[in-house]
Structure formats: C-alpha cells, structure tokens
Amino acid sequence: MPKLVIKQENQTHKTLDLAYGSVTIGRSEDNDLRIPDHTVSSHHAKIFTYLNASYIEDLKSSNGTFINGKRIDKHTLKPGDVVKLGHHILEVEV
C-alpha cells in the first residue's frame with residue numbers, strides 16, 4: 001500500500017497510508033490531513049485511491065499543487081513522486 005510522508009524543512013511530521021477512498025488536504029480543520037500553514041489553501045487538494053492506484057487533484061488552490069516541480073490539476077501518484085503544497089513536501093513511498 002502506498003503512503004505519503006509529510007515533511008517540512010526535511011523533518012518528517014506524519015505518515016499517511018493511502019487506503020481505498022479519498023483524503024482531503026488543506027489548512028481547515030475539516031480536512032482529513034490538516035496542514036496549518038498560511039501557504040496551504042483551506043481546501044488545497046484531494047487524493048483518491050481505488051483500483052490499486054492513487055490520484056491527486058488540486059482543488060483550485062491559491063498557490064497550486066506541484067508534482068516533481070510541475071504544477072498540476074490532476075496526477076496519478078507513483079512511488080518517488082514529490083508533492084509540494086505551500087512549504088510542505090509530501091513524498092510518495094511504497
């Protein structure tokens with residue numbers, strides 16, 4: 001099962017298994033993964049996992065969602081992908 005490793009300034013803050021279903025990411029408290037950082041939108045991105053694959057979608061965030069340095073709207077996540085949301089890095093691992 002893939003997982004996200006959430007980092008800021010090269011320090012791991014949290015690890016999240018990408019199980020079947022969806023995970024919302026953002027600054028607001030109603031997100032599944034809350035990142036309390038002013039550079040992250042209230043509802044920044046959403047990850048869907050089904051059929052043994054995970055997909056990330058930017059939710060029209062102010063600062064954008066970047067995968068491996070490129071701004072995306074939607075992207076299929078793969079091991080080794082580096083997701084940047086504001087000042088936070090999320091690394092996809094197996």
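This short presentation covers the strand pairing, the salt bridge and a nonpolar surface patch of one chain.

Good morning, colleagues. Please bear in mind throughout that the model is predicted.

I begin with strand β1, which spans residues 3-8. Its partner β2, residues 11-17, pairs with β1 in the antiparallel sense, and six bridges connect the two. Within that pairing, leucine 4 has leucine 16 of β2 as its bridge partner. The two strands form a hairpin with two residues between them. In the turn sits glutamate 9, whose phi is positive, at about 50°.

Strand β1 also pairs with β11; these two run antiparallel and are joined by five bridges. Here lysine 7 stands opposite isoleucine 89 of β11.

That brings me to the charged side chains. How many salt bridges does a search of the whole structure find? The search returns one. It is formed by the side chains of lysine 7 and glutamate 91, at 3.2 Å from N to O. The pair links distant parts of the chain: lysine 7 belongs to β1 and glutamate 91 to β11, residues 88-93, with the two residues 84 apart. As a general point, side chains of opposite charge can pair when their charged atoms come close. Is glutamate 91 buried, partly exposed or exposed? Its relative accessible area is 24%, so glutamate 91 counts as partly exposed, given that the partly exposed class lies between 20% and 50%.

I turn next to the open sheet. Five strands make up this sheet, in the order β4-β3-β5-β6-β9, and their pairing is mixed. Which strands lie at the edges? They are β4, residues 33-34, and β9, residues 74-77, each of which pairs on one side only. Strand β9 runs antiparallel to β6, and four bridges join them. One of the residue pairs across these strands is serine 54 with leucine 77, the latter lying in β9.

Finally, I come to the surface. Tyr20, Tyr50 and Leu51 make a nonpolar patch of about 450 Å². Where is leucine 51 placed? It lies in the loop between β5, residues 45-50, and β6, residues 53-58. Leucine 51 has a relative accessible area of 75% and is therefore classed as exposed, the threshold for that class being over 50%.

To summarise, β1 pairs with β2 in a hairpin and with β11 through five bridges. The salt bridge joins glutamate 91 to lysine 7, and leucine 51 contributes to the nonpolar patch. Thank you for your attention.

Definitions and conventions:
Residues numbered from 1 in each chain as written. Predicted model: local features only at pLDDT ≥ 70, side-chain atom pairs only at ≥ 80, totals over all residues. Heavy atoms only, no water. Salt bridge = Lys/Arg side-chain N within 4 Å of Asp/Glu carboxyl O. Buried < 20%, exposed > 50% of the residue type's maximum accessible area, 1.4 Å probe, protein only. Patch = residues over 30% accessible without salt bridge, like charges linked within 9 Å, V, L, I, M, F, W, Y side chains within 5 Å. Areas by Shrake-Rupley, 256 points an atom, 1.4 Å probe, with all protein chains shown as cover. Pairing = 2+ DSSP bridges.
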